[in-house]
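Thanks for making the time this morning. I would like to walk you through one structure, moving slowly enough that you can follow along on your own screens.

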Amino acid sequence: MARSDQTPFRLRIIIQNPVPAVPYSLQSVEGGPLDPKQSSAGEPLVFECAMRIAAGPKFFGDQVRREGPVRRFVYIRIGALAACMTSPWSRRMKIDIHDLDPSLIDHAARGGTIEILLNGTGADGTPACATISPITRRRA
């Protein structure tokens, strides 16, 4: 698909209640950590990335990962995967974007920003990982 058929938009991921002193980062196009951050007392962490959307909807960008013909998602790396080799955790959060509400897809297609809020701590008190169900997805 031609890049001229794609509309740029911003994706903002807000991790609420991250485990303090544990690094979180976006996953770069090469697979490594990008923009690592950590919370000192559980304050939210905010990550932003540029993406593009086209009819379908189809998502494009350095942070967009794919699984099969439809599923698109973004990874957040945690602990050792976020370049902290002393961390006891080596995890990733998988954040689906292929199943966004049609009103959010329309907003993105007009160049808007989409926010996804997540809980960064699992029920056991360790960093949440695997496919994460968002607290909410909204226009920003």
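I will take the strands, then one residue, then the helix, and finally the pocket.

Before anything else, please keep in mind that this is a predicted model, and that what I quote is computed from it.

Let me begin with strand S7, which spans residues 71–79 and is mostly covered, with nine of its nine residues counted as buried. How many bridges join S7 to strand S8? There are seven, and the two strands, S8 being residues 90–96, run antiparallel; if you want a place to look for that pairing, Gly79 stands opposite Ser90 in S8.

S7 also pairs with strand S6, again in the antiparallel sense, through three bridges, and there you will find Arg66 standing opposite Arg72 of S7. S6 and S7 form a hairpin with three residues between them, and Gly68, in that turn, has a positive phi of about 75°.

A further pairing of S7 is with strand S2, residues 24–27, which is antiparallel and runs over three bridges. Within it, Tyr24 has Ile78 of S7 as its bridge partner, while Ser25 stands opposite Arg77, also in S7.

From S2 we can step across to strand S3, residues 33–37, since S2 and S3 pair in the antiparallel sense over three bridges, with Gln27 of the one bridged to Pro33 of the other. These two strands form a hairpin as well, with five residues between them, and in its turn Gly31 has a positive phi of about 100°.

Now to a single residue, Phe47, whose place is in strand S4. Is Phe47 buried or exposed? Its relative accessibility is 0%, and because buried means under 20%, Phe47 counts as buried. If we set aside its neighbours within four places in sequence, Phe47 is in contact with Leu11, Arg12, Ile13, Ile15, Tyr24, Ser25, Leu26, Asp35, Lys37 and Ile76. Tyr24, which we met a moment ago as the bridge partner of Ile78, is 23 residues from Phe47 along the chain, and the C-alpha atoms of the two are separated by 9.5 Å.

Let me turn to helix H1, residues 102–109, whose buried residues are Leu104, Ile105, His107 and Ala108. Why do they lie on the same side of H1? They do so because the arc that they cover around the axis is only 160°. What covers these buried residues includes strand S1 (7–16), strand S4 (45–54), strand S9 (113–119) and strand S11 (136–139). H1 is followed by Gly111, which has a positive phi, near 90°.

Last, the largest pocket, which holds about 230 Å³ of space. Its lining is made up of Pro57, Lys58, Phe59, Phe60, Gly61, Val64, Arg65, Arg66, Pro69, Val70, Arg72 and His98. Two elements, strand S5 (58–60) and strand S6 (65–67), give two or more residues to this lining, and the largest share, three residues, comes from S5. For those of you thinking about chemical character, the lining residues divide into six nonpolar, two polar and four charged. You may also recognise Arg66 and Arg72 in that list, the pair that I described as standing opposite each other between S6 and S7.

I will stop there and take your comments.

Methods: Residues numbered from 1 in each chain as written. Predicted model: local features only at pLDDT ≥ 70, side-chain atom pairs only at ≥ 80, totals over all residues. Heavy atoms only, no water. 1 Å grid on protein atoms, 1.4 Å probe; cavity = no way out; pocket = protein on both sides within 12 Å on 5 of 7 lines; lining within 4 Å. Points joined across faces, edges and corners; volume = space filled by probe spheres on them. Helix = DSSP H or I, 4+ residues; strand = E, 2+ residues; numbered from the N terminus. Nonpolar A, V, L, I, M, F, W, Y, C, P; charged D, E, K, R; others polar. Buried < 20%, exposed > 50% of the residue type's maximum accessible area, 1.4 Å probe, protein only. Pairing = 2+ DSSP bridges. Arc of directions from axis to C-beta. Contact = heavy atoms within 4.5 Å.
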